Amino acid sequence: MAPSVSEIAAQVQSATDNVEKLNLKNTKQEDGPSYPFYSPYYDVNEKFPPTEIFEYQDPGLRADPAKPHLLNSETKLHHISPFIGTEVSGVQISQLSEEGLDELALYAAERRVLIFRDQDFKDIGPEKQIAIAKRYGHIQRHPTSPNVKGYPEFHVVYRGDGHDRLRDVIPDDRINRTQWHSDISYEKQTPGTTFFFVLDQPDVGGDTLFASQVEAYKRLSPAFQQRLEGLYAVHSAVEQAEASRRRGGPVRREPVESVHPLVRRHPVTGEKALYVNQGFTRRIVGYKVEESEYLLKFLYDHIAKGADFQIRATYKPGTVVVWDNRVTVHSATGDYDTSVRRHAVRLTPQAEVPIPA
Ligand SMILES: [Fe+2]
């Protein structure tokens, strides 16, 4: 059931109190977030049980490959790169039928990233937003990031009013703030179809960079591809938890480490994709330290330098970006002044345990 107005007002007040505790000083009171309901909420005493394994069947497996319930004569598609990214206009995610939502999973897997314009998604309320995302797997409750009070499914991204989470994650002594990663890859069941919608944004900047891990894999020689297949790497949540503890933030679940194949196969498209990322991959199983560092550094450089298989997703009011975390890596761009607010929300459904290539 949707929360009542008074419940929402109480949550907003409570979230605002927490914002104050965190020193999120708005320069002007009337200049607060456009969607205060989604204000970043931290409760250091909030605790979650360990994530449980669940049965997963990708909705894309049920989808009609022609996608008649998703794309129609009104739909405008703009492909950004041959390898990754399509801007979609004339489709309202909130209005899609069950079949349309299945086709969305398939299309996101095929195009890696879909940028939906002019969506009413941010206004349909938390219950409906969660219900849509849940179709793509159990929504991860993030162990350290801000969430929404009463709705731990929301991962809140907030920068502005002197609050700079990006700086917390990427220190000032870095030359740039690019941090390629695939979300929460330390989980046993890693995320698939992922939703991100922006509530407040700078006029310029704050784009998201995406790279195709399918194309990154394809660029390698057959001999090198063969060498990578069969290797496994450790993905770790430990540093994320330690960093949160250092800042006095929450650690709602003890950090986990998972071992995933370096090359994974997508359950719907059958495509092979590299599955390493600088954010969470720490070492290659069975390799000595120097060997592991050498190989991971090569792969990270290869992905980061592949501007010919990367895109920038731009945001306009009403944009919802849907991407498949199994076949992509992405990075925020911290290229705008922190006096400008950027407020966004992610819903991160977990998919299958990665399938080795
Ligand atoms: Fe991310």
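Strand 8 (residues 208-212) and strand 14 run antiparallel and are joined by four bridges. Strands here, like helices, are DSSP runs numbered from the N terminus: a strand (E) has at least two residues, a helix (H or I) at least four. Two strands pair if DSSP finds at least two bridges between them. Within this pair, alanine 211 sits opposite glutamine 310 in strand 14.

A quick word on what you're looking at. This is a predicted model, where local features need pLDDT of at least 70 and side-chain atom pairs count only at pLDDT 80 or more, while totals for chains, interfaces and linings use all residues. Residues are numbered from 1 along each chain as its sequence is written.

How sure is the predictor? That's what pLDDT tells you: its confidence in each residue, from 0 to 100. The chain's mean pLDDT is 91, and 89% of its residues reach 70 or more. Watch out for residues 8-30, though: pLDDT stays under 50 there. For that stretch the model has 32 contacts beyond four places in sequence, a contact being two residues whose C-beta atoms, placed from the backbone, lie within 7 Å.

Now the overall make-up. The chain has eight helices and 19 strands. Of its 357 residues, 43% are buried. Buried means that 20 or more other C-beta atoms lie within 10 Å of the residue's own, with C-beta atoms placed from the backbone; 12 or fewer makes a residue exposed, and anything in between is partly exposed. Take the contacts with a separation of 6 or more, and 83% of them link residues 24 or more positions apart.

Back to strand 8, which belongs to an open sheet of three strands in the order 14-8-16, with antiparallel pairing. Strand 14 (310-313) and strand 16 (328-332) are at the edges with a single partner strand each, so one side of each has no neighbour in the sheet. On average, neighbouring strands of this sheet are turned by 25° against each other, direction ignored. That angle is taken between axes, which are lines fitted to C-alpha atoms (for helices, over the stretch in contact); angles in general run from 0 to 180 degrees between N-to-C directions.

Another open sheet has three strands in the order 12-11-19, again with antiparallel pairing. Its edge strands, strand 12 (272-274) and strand 19 (355-356), each pair on one side only.

Here are some strand pairs side by side.

| Strands | Bridges | Direction | Facing residues |
|---|---|---|---|
| strand 1 (residues 76-79) and strand 2 (residues 86-89) | four bridges | antiparallel | lysine 76 and serine 89 |
| strand 2 and strand 3 (residues 113-116) | three bridges | parallel | glutamate 87 and isoleucine 115 |
| strand 11 (residues 263-265) and strand 19 | two bridges | antiparallel | arginine 264 and proline 356 |

Strand 1 and strand 2 form a hairpin with six residues between them, and glycine 85 in the turn has a positive phi of about 95°. Strand 2 then carries on into a right-handed β-α-β unit with helix 2 and strand 3. Right-handed means that, with the strands pointing away from the viewer, the path from the first strand over the helix to the second runs clockwise.

What about the inside? A nonpolar core is a set of buried Ala, Val, Leu, Ile, Met, Phe, Trp, Tyr and Cys residues joined through C-beta atoms within 7 Å. The largest has 66 residues, and those touching the most other members include Ala108, Val113 and Phe116. Helix 2 (residues 98-111) gives the most to this core, with seven residues. Beyond its neighbours within four places in sequence, valine 113 is in contact with residues including Gly85, Phe210 and Ile311.

Key:
pLDDT = per-residue confidence, 0-100.
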